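Visitor: Could you take me through one part of this model up close? I'd like the stretch around the cysteines and the aromatic rings, and I'm happy with a long answer.

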Amino acid sequence: MTTQLLERPATITVPDAEAGRLIVPATVGGITVPTYRVGTPDIQCRYPVIIGEDQVIGRACRWHRDWLVLTTAGEYNLRRPPKGTHGTDMAAAHLAEEYAAGRIGAVPLEQVLADAPTPLVGPVPLLHPRMPVNDRNTEGAEIAFAGLAAHHWRAVLTGFPGSDNHWFLSCELCDWQGPKFWSHLRGRNGEPPSARRHKGGCIGEDKVRRLIPAYH
């Protein structure tokens, strides 16, 4: 198995300029940090950090427990957040401070959306571009794609990113889309995966269990 074929085009959830709680300004090292918020993740599982109405000062994503930020100055690895701190919070605060210090610029949300990739309607690669091609990763990807099929999920852009990295998926039982972890979808510690599936509860846990044996 090397690809997953999509039978229909998939829509995407774009970063929402109104999403996320506002973080009020603060003073860091004598510099006033602007009010900012974290938008909804895009199809590449990157969270936009927004100031004002529609200015994106950077995007943040998780990769093997590290948090990366992509800005006008390039990509930078923030490493792992301190214990008890969410990675998105750490990344957003870093971006706001960098912007306030004049080290990075802002890009209109409209431009960010225009530059975003569109869902694939043909073959989806077996592996995420950051995943090395080797026997272990290939075997893990084949297991993951078989699991997606059994659990009625669909990958819409990239291949398998590893068990504990965000993977943008589409639910085949309803119209929900967003980032998930394969390690959560397959079930943990010998337990079946959650029949709630995703935020909003999907079509209801009872219906999910009747449709998909894996949830029994």
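Guide: Here is a walk from a histidine in a loop, through the cysteines, to the rings and a hairpin. Keep in mind that this is a predicted model.

Let's start at His 198, which you'll find in the loop between α4 (182-185) and α5 (205-211). His 198 is buried, at a relative accessible area of 4%. If you skip its neighbours within four places in sequence, His 198 touches Trp 153, Cys 171, Cys 174, Trp 176 and Lys 180. Two of those names, Trp 153 and Cys 171, are worth following.

Take Trp 153 by way of Arg 197. Arg 197 also has its place in the loop between α4 and α5, and with a relative accessible area of 4% Arg 197 is buried. Its backbone is a bit of a curiosity: phi is near 70°, a positive value in a residue other than glycine. As for the side chain, the charged end of Arg 197 sits over the ring of Trp 153, 4.3 Å from the ring's centre. There's another arginine to look at in this way: Arg 130 lies over the face of Trp 63, 6.0 Å from the ring centre.

Now for the cysteines. How many disulfides does the model have? The count is 0. Cys 171, the one in contact with His 198, is in no disulfide, and the nearest cysteine sulfur, in Cys 202, is 3.7 Å away. The cut-off is 2.5 Å between the sulfurs, so a distance of 3.7 Å doesn't qualify. Cys 171 is buried, with a relative accessible area of 0%.

Cys 61 is another case. The closest cysteine sulfur to its own belongs to Cys 45, and at 8.4 Å that is too far for a bond. Cys 61 is buried too, at 15% relative accessible area. Its neighbour in that comparison, Cys 45, counts as buried at 6% relative accessibility. You'll find Cys 45 in the loop between β4 (36-38) and β5 (47-51). Here again the backbone has a positive phi in a residue other than glycine, this time near 65°.

From that loop, step into β5 and you meet a ring. Tyr 47 in strand β5 pairs with Trp 67 in strand β7 (residues 66-71), and the two are 20 residues apart, so the pair links distant parts of the chain. Their ring centres are 6.3 Å apart and the planes stand at 50°, which makes the pair tilted. Tyr 47 and Trp 67 are both buried.

That is one of 4 aromatic pairs in the structure. Another is Phe 160 with Trp 167: the centres are 5.7 Å apart and the planes are at 65°, so this one is edge-to-face. Phe 160 is buried, as is Trp 167. Ring pairs also bring in Phe 145, linking Phe 145, Phe 160 and Trp 167 into a cluster.

Finally, back to β7, the strand that carries Trp 67. Its partner is strand β8 (residues 74-77); the two run antiparallel and are joined by 4 bridges. For one spot to click on, try Val 69, whose bridge partner in β8 is Tyr 76. β7 and β8 form a hairpin, with 2 residues between them.

Terms used
Residues numbered from 1 in each chain as written. Predicted model: local features only at pLDDT ≥ 70, side-chain atom pairs only at ≥ 80, totals over all residues. Heavy atoms only, no water. Buried < 20%, exposed > 50% of the residue type's maximum accessible area, 1.4 Å probe, protein only. Contact = heavy atoms within 4.5 Å. Phe/Tyr/Trp six-rings, centres within 6.5 Å; stacked < 30°, edge-to-face > 60°. Lys NZ or Arg CZ within 6 Å of the ring centre and 35° of its normal. Pairing = 2+ DSSP bridges.
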